[in-house]
Amino acid sequence: MSQKRHRLVPETFGLKRRRERGPVEADPLRGELGSARAAVAELVQLFPRGLFEDALPPIALRSQVYSLVPDRTVADRQLKELQEQGEIRIVQLGFDLDAHGIIFTEDYRTRVRDCVLKACDGRPYAGAVQKFLASVLPACGDLSFQQDQMTQTFGFRDPEITQLVNAGVLTVRDAGSWWLAVPGAGRFIKYFVKGRHAVLGMVRKAKYRELLLSELLGRRVPAAVRLGLAYHVHDLIGAQLVDCVSTTSGTLLRLPET
Amino acid sequence: MLGFLSARQAGLDDPLRFRRAESTRRNHPDVHKYSVETVQWYPHDTGMFTSSSFDKTLKVWDTNTLQTADVFNFEETVYSHHMSPVATKHCLVAVGTRGPKVQLCDLKSGSCSHILQGHRQEILAVSWSPRYEYILATASADSRVKLWDVRRASGCLITLDQHNGKKSQAVESANTAHNGKVNGLCFTSDGLHLLTVGTDDRMRLWNSSNGENTLVNYGKVCNDSRKGLKFTVSCGCSSEFVFVPYGSTIAVYTIYSGEQITMLKGHYKSVDCCVFQSNFQELYSGSRDCNILAWVPSLYEAVPEDDETTTKSQLNPAFEDAWSSSDEDG
């Protein structure tokens, strides 16, 4: 009679649990290839419209596009083409020199028309804003406007330009030059800066200062993050504030050493 | 860091060991008093080399006797100097100092009266073009990079502008190459393009004939050096690479597409300088951890396995993440 055990001890006691191999899912947020336009369309889906009561057009950031389109030079080139064709507007969001917000022109026009004109019905700057939307937006696709461009080419007078600044469509940059702006974007920028800091803090406080992407997305959202974890993660990856390391368990976000 | 002359020993199969051939001892009467910033061989033969240092001098050394043949004294500390690799009609050494003027020293006559004026702050890097013997590029802490023709009396040829003249993107006044100090300059080996790095953590590629920013985006290239950053480009590879010291690693990018190939990890402290030897296709890097490492391309290709249906992608094997460490002895 064979005294030999035919099963291993751990198997007998059921210590080795057989793990169910689920279907291998693609890691969320990664592995999207394609053009810059598809990336911007996807990113505006992540924008929380309800948070701003539909007053703001959905804004994506250039760094988010870099996280979806890995080749930066190609992404820059495609965004520039889209800007020249008039499909998107690029807006300077004051907190960082490189932070450019990307908005579809249609969205920008409808939102500005709806909310600004609704707020200033009967006030003097309604006319100036209408004129701006009709004449300047389609003609000039740049981020900023100069004094002589506004007065001579588009025929704005100085009081009208002041009305545009009051309405929030232009922001003063220099003496005689203005950035294109989104009215009411101040709240968005405040939430964005706080949220970025909070998500970066989540990675910083983790052990070894690294977190699996799937675990980060599964955690409880801190109160400071109002725009959504996925929105901020795209921005952090694209701005190279975290390093993306691909491991066998998925993508790992790690703070750079320096 | 004293300038070392090194001799290679075995072939590629043995690990490279550098032997220090000669060095100037500390009690040498002509030794530099403070840190040596730049060392360069005379471009035409190895009978002479030049070294410049924070002690406000540029010394010209005779290699065989290891004595100084000539000394140029300046009023400010010298950050960098360069001698043209293709010059046949002149023997000028361009010197970048803490003052805003670029000085050109003539080795034949011993004078350094030729001055290029135009920058407003200290000059952190200078580089002659490898294509035209009279074209010089200088980079300064006032965020500007200027291209000069030294025969011309009236000022610089081009000031590089990162926005290519479009006022709409410039935050401040235009004509700046970077949004911070410009630390390093390197021409590509054919001289048609120029790479610059700045303390705004960016690297830019410029067309050197018209000064246009090619808008290739390399991402974030960390740069916290307060002096010049000496980086280098490859020469003779099928797609040229640029090797930039990045903290304690060296980042390798393809020049014209901006893609990051790899980071070479091997040093323990921050890497100060790296230089490429085109005959052996090797990279030598020096760092604050008192080591010089030689990086050798891995020459073997991956053997395709028979039972795999998909073939392995053919990466350029020349720079595939292999390093062989070589410690300098002594």
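**Questions on a predicted two-chain model**

At 16% relative accessibility, Phe154(A) counts as buried. The model behind the answers here is a predicted one.

Q: Where in chain A is Phe154(A) found, between which two helices?
A: Let's start with the surroundings of this buried residue. Phe154(A) belongs to a loop. The helices on either side are H7 (147-153) and H8 (158-167) of chain A.

Q: Which residues does Phe154(A) touch, not counting residues up to four places away in sequence?
A: Sequence neighbours up to four places away are set aside here. Phe154(A) then has contacts to Lys131(A), Ser135(A), Val136(A), Ala139(A), Cys140(A) and Gln149(A).

Q: What separation do the C-alpha atoms of Phe154(A) and Val69(A) have?
A: Along the chain, Phe154(A) and Val69(A) are 85 residues apart. In space, their C-alpha atoms are separated by 36 Å.

Q: Which strands of chain A are the edge strands of the open sheet S7-S9-S8?
A: This sheet has 3 strands with antiparallel pairing. An edge strand here is one that pairs on one side only. That description fits S7 (210-212) and S8 (243-247) of chain A.

Q: What does the twist of this chain A sheet average from one strand to the next?
A: The strands run in the order S7-S9-S8. From one strand to the next, the twist averages 25°.

Q: Which residue in S9(A) stands opposite Asp243(A)?
A: S8(A) pairs with S9 (residues 250-254) of chain A in the antiparallel sense, over 5 bridges. Opposite Asp243(A), the residue in S9(A) is Arg254(A).

Q: Is Thr159(B) buried or exposed?
A: Over in chain B, Thr159(B) sits in strand S14 (residues 158-159). Its relative accessible area is 19%, and the cut-off for buried is under 20%. Thr159(B) is therefore buried.

Q: Which side chain does a polar contact of 3.3 Å join to that of Thr159(B)?
A: Leaving out residues up to four places away in sequence, Thr159(B) touches Arg144(B), Val145(B), Lys146(B) and Asn175(B). The polar contact of 3.3 Å joins the side chain of Thr159(B) to that of Lys146(B).

Q: How far apart do the end C-alpha atoms of residues 116-151 of chain B lie?
A: An unreviewed UniProt entry lists this span under "repeat: WD", along with residues 29-71, 175-216 and 264-295 of chain B. Residues 29-71 are 0% helix and 53% strand, with end C-alpha atoms 13 Å apart. Residues 116-151 are 0% helix and 50% strand, and their end C-alpha atoms lie apart by 10 Å.

Technical notes. Residues numbered from 1 in each chain as written. Chains lettered and ligands numbered in written order. Predicted model: local features only at pLDDT ≥ 70, side-chain atom pairs only at ≥ 80, totals over all residues. Heavy atoms only, no water. Helix = DSSP H or I, 4+ residues; strand = E, 2+ residues; numbered from the N terminus. Buried < 20%, exposed > 50% of the residue type's maximum accessible area, 1.4 Å probe, protein only. Polar contact = N/O pair within 3.5 Å; in protein donor to acceptor, adjacent residues only side chain to side chain. Contact = heavy atoms within 4.5 Å. Pairing = 2+ DSSP bridges. Axes fitted to C-alpha atoms, helices over the stretch in contact; angles between N-to-C directions. UniProt positions renumbered as here; feature names shortened; annotations may be inferred.
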